[in-house]
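Please look over the sequence and the model that follow, and keep both in view while reading. The report moves from one residue to its surroundings, and then to the strands, the interior and the loops.

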Amino acid sequence: MGDKPIWEQIGSSFVQHYYRIFDTDRTHLGSLYSLPFQKIQHSITSQDHQPTPDSCILSMVVGQLKADEDPIIGFHQIFILKNINDAWVCTNDMFRLALHNYG
């Protein structure tokens, strides 16, 4: 069937790396995040990647997470990856917990 498109390879590698670092030692993600929990575990359900017209990669992730002793909850996250000086960096990151208000 052939290899996956390059944006699928880069996007998938980024997602694996991001959540591995996030789950093991999130201090390596930089000071951009203010996260009050002590431990977290992500389970990735699905991921989709596609190229953008300006040679970036749009990555969408759906999964579940468990922080500290809180219940498991769903989440959605979107990244825009850009190649700067031969390194792929995350230029945009959107995150949303899958909360529903049935009131």
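In which helix does Asp23 lie? Asp23 lies in helix α1, and since the model is a predicted one, this and every other statement below describes a computed arrangement of atoms.

**From the helix to the first strand**

Although Asp23 and Gln41 are 18 residues apart in sequence, their C-alpha atoms are 5.4 Å apart in space. The side chains of Asp23 and Gln41 are joined by a polar contact of 3.4 Å. When neighbours within four places in sequence are left aside, Asp23 is in contact with Ile40, Gln41 and His42. Gln41 also has a partner elsewhere, for its bridge partner in β2 is Lys66.

**The paired strands**

β1 (40-51) and β2 (57-67) pair in the antiparallel sense, and eleven bridges link them. β2 is also joined to β3, which runs antiparallel to β2, by nine bridges; here Leu58 has Ile80 in β3 as its bridge partner.

The side chains of β2 alternate along the strand, with Ile57, Ser59, Val61, Gly63, Leu65 and Ala67 pointing to one face and buried, whereas Leu58, Met60, Val62, Gln64 and Lys66 point to the other face and are not buried.

How does Ser59, a residue in strand β2, fit into this pattern, and is Ser59 buried or exposed? Its relative accessible area is 0%, so Ser59 counts as buried. The side chain of Ser59 makes a polar contact of 2.7 Å with the side chain of His49. Leaving aside neighbours within four places in sequence, the residues in contact with Ser59 are Gly11, Asp48, His49, Gln77, Ile78, Phe79 and Leu81.

**The nonpolar core and the aromatic rings**

In soluble globular proteins, nonpolar side chains tend to be buried together. In this model the largest nonpolar core has 15 residues, and those with the most contacts inside it are Phe14, Tyr18, Tyr19, Ile40, Val61, Phe79 and Leu81. Two or more residues of this core come from each of α1 (6-25), β2 and β3, and α1 gives the largest share, which is six residues.

A pair of aromatic rings is described by the distance of the centres and the angle of the planes. The structure holds nine aromatic pairs, one of which is made by Tyr18 and Phe79. The ring centres of Tyr18 and Phe79 lie 4.8 Å apart and their planes stand at 65 degrees, so this pair is edge-to-face. Because Tyr18 lies in helix α1 and Phe79 in strand β3, the pair ties together parts that are 61 residues apart in sequence. Both Tyr18 and Phe79 are buried. One aromatic cluster is formed by Phe14, Tyr18, Tyr19, Phe22, Phe37, Phe75, Phe79 and Phe95.

**A salt bridge between two loops**

Side chains of opposite charge can pair when their charged atoms come close. A search of the whole structure finds one salt bridge, in which the side chains of Lys39 and Glu69 meet at 3.4 Å, N to O. Lys39 lies in the loop between α1 and β1 and Glu69 in the loop between β2 and β3, so the pair ties together parts that are 30 residues apart in sequence. Lys39 is partly exposed, with a relative accessible area of 48%, while Glu69 has a relative accessibility of 65% and counts as exposed.

**Loop residues with a positive phi**

Most residues other than glycine have a negative phi, and most peptide bonds are trans. The table lists two residues that have a positive phi although they are not glycines.

| Residue | Phi | Loop | Relative accessible area |
|---|---|---|---|
| Ser55 | about 65 degrees | between β1 (40-51) and β2 (57-67) | 59% |
| Asn85 | about 55 degrees | between β3 (73-84) and β4 (87-97) | 72% |

Ser55 counts as exposed, and Asn85 is exposed as well. The hairpin of β1 and β2, in which Ser55 takes its positive phi, has five residues between the strands. In the hairpin of β2 and β3, which has five residues between the strands, Asp68 takes a positive phi near 50 degrees.

Conventions. Residues numbered from 1 in each chain as written. Predicted model: local features only at pLDDT ≥ 70, side-chain atom pairs only at ≥ 80, totals over all residues. Heavy atoms only, no water. Helix = DSSP H or I, 4+ residues; strand = E, 2+ residues; numbered from the N terminus. Buried < 20%, exposed > 50% of the residue type's maximum accessible area, 1.4 Å probe, protein only. Core = buried A, V, L, I, M, F, W, Y, C linked by side-chain atoms within 4.5 Å. Salt bridge = Lys/Arg side-chain N within 4 Å of Asp/Glu carboxyl O. Pairing = 2+ DSSP bridges. Contact = heavy atoms within 4.5 Å. Polar contact = N/O pair within 3.5 Å; in protein donor to acceptor, adjacent residues only side chain to side chain. Phe/Tyr/Trp six-rings, centres within 6.5 Å; stacked < 30°, edge-to-face > 60°.
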